[in-house]
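Reader: I am new to this structure and would like to go through it with you. May I put some short questions?
Author: Please do.

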Amino acid sequence: MPNKPKKTAEQATECPRDIQDICSREASAEANKAVLEGIAALQSNFQLFKAEITEVIDKRLDQFSVTIRAELTAIKKETDLAISAVKNTMDGQAKTMAELERSTTYTSDTVCQLQKEVERLTNSVSQLTEKCTDLESRSRRQNLRILNIKEGEESGRKATDFVAHLLKNALSLDALPLIDRAHRSLRQRSDNTSYPRAFIVRLHYFHDWQNIIRKAAQLKSITYNGEKLLIFPDLPAAILKQRARFNRAKELLRDRPGVRFGFLYPAKLRVTHNGEEAYFTDPGKAIMYAEQHFGEGRVSTS
């Protein structure tokens, strides 16, 4: 038999190493197998856990879904009811607005008609007032108003005779004027310390009235029993109010040299200055004229 070669020491140590490698490989394979089995077990457990979680979540979602749907349904019903109520309210307001528009249109038309009617009636009242004032003035055309005759001076005599002699003596008339009526103004009798009531006198002839007014205007002062008398035409209160608006202009014109002024019926101021005449129906223009010519500290040179 041939002789087997003898193994060297290095070859004797290599044999166990192979066995070790094989053993280690087997151990590694078993470890890997155990790991894989563990991983598979974990995967299985995870799938179960996942399934349980998914089931719980689905149940919760279903519950939430049911709850939310119920709440949404309730909210929808409430919203529908609210919208329905608002709609009914809006419809009612729309009807009310339509009625208000119709009523406003009718009222506006009525007001326009009433305004026209008021304007017409106002014009009619103005015309009637002017006519009444004119008729009252005509009825008083021959009346005089005499101021500052003491109370009781006419006692024991007829008022007409008393006034006739008073006018004849105070104005130096040629004859006694014929007087239809004479009486004190219709107010409560005053005592001797207060201003006496005026005498209202109705002359029978208009030319006597004109003559008395002319002489009263010419005389700067008329006295009777030591009292200064004032004689004016007996005009209606409406005319007196119109003429009173010229009081400021009359104050500026009074006692100016070369100036005469008076009223034309009903309330037209006539101013005569050095032969030139000016007429005013507007008190403002009359005051402006008087201030320009006879203002404070101003002397007219015209």
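Reader: Which residues make the nonpolar surface patch?
Author: This is a predicted model. In it, F49, I53, I57, L61, F64, I68, L72 and I75 form a nonpolar surface patch of about 760 Å².

Reader: Let us take F64. Where is its place?
Author: F64 belongs to helix α1, which covers residues 9–139.

Reader: Is F64 buried, partly exposed or exposed?
Author: F64 has a relative accessible area of 49%, so it counts as partly exposed. The cut-off for exposed is over 50%.

Reader: Moving on to the whole chain, how many helices and strands does it have?
Author: The protein chain has six helices and eight strands. Along the sequence, their pattern is α-β-α-β-β-α-β-β-α-α-β-β-β-α.

Reader: And what percentage of its residues count as buried?
Author: Of 302 residues in the protein chain, 22% are buried. The accessible surface of the chain is about 22900 Å², and carbon and sulfur atoms account for 55% of that surface.

Reader: Which residues in the largest nonpolar core touch the most other members?
Author: They are L144, V163, L167, V201 and I231, in a core of 24 residues. Two or more residues each come from β1 (143–147), α2 (159–171), β2 (179–184), β3 (199–203), α3 (206–218), β4 (222–224) and β5 (227–233). The largest share, seven residues, is given by α2.

Reader: What is I231 in contact with?
Author: Setting aside neighbours within four places in sequence, I231 contacts L144, R145, I146, L167, L171, I212, A216 and I222. Another core, of 13 residues, lies apart from the one just described, and its members include L252, V271, A290 and F294.

Reader: Is there a general tendency behind such cores? What is it?
Author: In soluble globular proteins, nonpolar side chains tend to be buried together.

Reader: A change of topic: where does D234 lie?
Author: D234 is in the loop between β5 and α4, the latter being residues 237–244.

Reader: Why does D234 count as buried?
Author: D234 counts as buried because its relative accessibility is 5%, and the limit for buried is under 20%.

Reader: Which side chain is joined to that of D234 by a polar contact?
Author: The side chain of R145 is, in a polar contact of 3.0 Å with D234. Not counting residues up to four places away in sequence, D234 touches R140, N143, L144, R145 and I200.

Terms used:
Residues numbered from 1 in each chain as written. Predicted model: local features only at pLDDT ≥ 70, side-chain atom pairs only at ≥ 80, totals over all residues. Heavy atoms only, no water. Patch = residues over 30% accessible without salt bridge, like charges linked within 9 Å, V, L, I, M, F, W, Y side chains within 5 Å. Areas by Shrake-Rupley, 256 points an atom, 1.4 Å probe, with all protein chains shown as cover. Salt bridge = Lys/Arg side-chain N within 4 Å of Asp/Glu carboxyl O. Helix = DSSP H or I, 4+ residues; strand = E, 2+ residues; numbered from the N terminus. Buried < 20%, exposed > 50% of the residue type's maximum accessible area, 1.4 Å probe, protein only. Core = buried A, V, L, I, M, F, W, Y, C linked by side-chain atoms within 4.5 Å. Contact = heavy atoms within 4.5 Å. Polar contact = N/O pair within 3.5 Å; in protein donor to acceptor, adjacent residues only side chain to side chain.
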